[in-house]
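Please open the model in your viewer and keep the selection tool at hand. The tour below moves from the whole chain to helix pairs and then to single residues.

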Amino acid sequence: MRTFTCPECANLLFFENSRCVVCGTGVGYDRDAGSMVRVEPSGRCSNALLAGCNWTSSDGALCGCCALTRTRPDDDDTEALTGFAAAENAKRRLLFQLDDLGLPVTTRAQDPEKGLAFDLLSSRDRPVTIGHADGVITIDVAEGHDSYREDLRARLDEPYRTLLGHFRHEIGHWYWNRLIDQEPAHDRFRQLFGDERQDYQQALKKHYATPTDTGWANDHVSHYAAAHPWEDWAETFAHLLHIRDTTQTAADLGLMIAGTSIAPHPATSVDAIPDEHNDDFVSLVSTWIPLSRALNQLNRSMGKDDLYPFALSPAAHEKLRFTNEVITGKRHHARRKHHSTHHPIQ
């Protein structure tokens, strides 16, 4: 995440701010400009109150991010609406990163059969399975409640579970269809991840019957990645977005790291790898390893679990490298200019 400042007093803003806490100026994120701007109530997304959206909208309708949501909880489901707001917040961060990377975001209006849409559903009255199918990403908004999500994480024996992680994983499936399937990268994908034509349901059944302490870490970024090549790609895609986003945030904040633990090194600035002109994967990894260790140490100092509870094997590194090459190779040269083609879906 890049850093933003108030257009009036230059105070540092969080990406979620709708008002500067220093001077009181109303602010909002302008997607076309890629920056925080002054905004009046009439220029805000119509989800400003319902979902806490701080993005701008020229006509007071849904912003381009909120318009991607096809289904949401009913107005009388107040508990689900709290989770819905948390889900939309995570989705805004996701979309910012996709735009920043120059990855295409095709809406349902542009492609009615395969375009991107989100069903943010409540599991209050019916089971909800998080997943992706033909461009539609389904998220259980109950996971917007920390107690529910943490209980589920513990029952599934997962080291990490967040709403943003769900969004990054599921949209990875959508991008597989656009970046890998029917592309020259398909052969290389199968060499690294395996043949995705193996039976998916049988693979999942076998995965859930396998203990989590097996040797998955030798070849995968997570236990779930070992379930099937599609899940391996989606998990790797999500991890790459985690890594790029965190290093970008650290770089934009001017964070300094001391280098490796092998020998003392003078502090150096975190390299802003996610810049559109810098796609050096080696630099990204050499930055991420000491940064993630430092962040884990900071979390432990606060009595928290590790921020990034993963150790990446050489095989996982190669998958991340391939995913990075695919992502950076598909960037648009004119960043953000494609936004004008987005059409709200009411």
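What follows is a series of selections, each with a description of what is there.

**The whole chain**

Begin with the entire protein chain selected, and bear in mind throughout that this is a predicted model. Colouring by secondary structure will bring out eight helices and 10 strands, while the chain as a whole has 346 residues, of which 48% count as buried. If you turn on a surface display, the accessible surface comes to about 16900 Å², and 51% of this area belongs to carbon and sulfur atoms. Among the contacts in the chain with a separation of 6 or more, 60% are accounted for by residues 24 or more positions apart.

**Helices α3 and α6**

Next select residues 163–179, which form helix α3, together with residues 229–252, which form helix α6. The axes of these two helices are 8 Å apart, and the angle at which the helices pack is about 125 degrees. An angle of about 125 degrees lies neither under 35, nor between 65 and 115, nor over 145 degrees, and α3 and α6 are therefore oblique to each other. Viewed along the line of sight that puts one helix in front of the other, α3 passes α6 in a right-handed crossing.

To see the contact itself, show the side chains on the α3 side, where Gly165, Arg168, His169, Ile171, Gly172, His173, Tyr175 and Trp176 take part. Their partners in α6 are Trp230, Glu231, Trp233, Ala234, Glu235, Phe237, Ala238, Leu241, His242 and Asp245. Sorted by class, the contact of α3 with α6 has nine nonpolar, five polar and four charged residues.

**Helices α1 and α6**

Keep α6 selected and add helix α1, residues 78–101, whose axis is 12 Å from that of α6, with a packing angle of about 85 degrees. Since roughly perpendicular covers 65 to 115 degrees, α1 and α6 are therefore roughly perpendicular to each other. On the α1 side the residues to display are Leu94, Phe96, Gln97, Leu98, Asp100 and Leu101, and these meet Leu241, Arg244, Asp245 and Gln248 in α6. The residues of this contact of α1 with α6 divide into five nonpolar, two polar and three charged. Leu241 and Asp245 are worth labelling, as they appear in the contact of α6 with α3 and also in the contact of α6 with α1.

**Helices α4 and α8**

Now clear the selection and choose helix α4, residues 185–193, with helix α8, residues 314–329; their axes come within 10 Å and cross at roughly 160 degrees. That angle makes α4 roughly antiparallel to α8, and α4 passes α8 in a left-handed crossing. From α4, the contact is made by Ala185, Arg188, Phe189, Leu192 and Phe193, and from α8 by Glu318, Lys319, Phe322, Thr323 and Val326. By class, the residues of the contact of α4 with α8 divide into six nonpolar, one polar and three charged.

**Two single residues**

Is leucine 284 buried or exposed? Select this residue in helix α7, residues 281–301, and you will find that leucine 284 is buried, because its relative accessible area is 1%. From there, draw a C-alpha to C-alpha distance to leucine 240, which is 44 residues apart in sequence and 10.0 Å apart in space.

Finish at alanine 217, in the loop between α5 (200–208) and α6. With a relative accessible area of 33%, alanine 217 is partly exposed. Alanine 315 is 98 residues apart from alanine 217 in sequence, yet the two are 9.1 Å apart in space, C-alpha to C-alpha.

Notes
Residues numbered from 1 in each chain as written. Predicted model: local features only at pLDDT ≥ 70, side-chain atom pairs only at ≥ 80, totals over all residues. Heavy atoms only, no water. Axes fitted to C-alpha atoms, helices over the stretch in contact; angles between N-to-C directions. Helix = DSSP H or I, 4+ residues; strand = E, 2+ residues; numbered from the N terminus. Left-handed = near helix turned anticlockwise from the far one by under 90°. Contact = heavy atoms within 4.5 Å. Nonpolar A, V, L, I, M, F, W, Y, C, P; charged D, E, K, R; others polar. Buried < 20%, exposed > 50% of the residue type's maximum accessible area, 1.4 Å probe, protein only. Areas by Shrake-Rupley, 256 points an atom, 1.4 Å probe, with all protein chains shown as cover.
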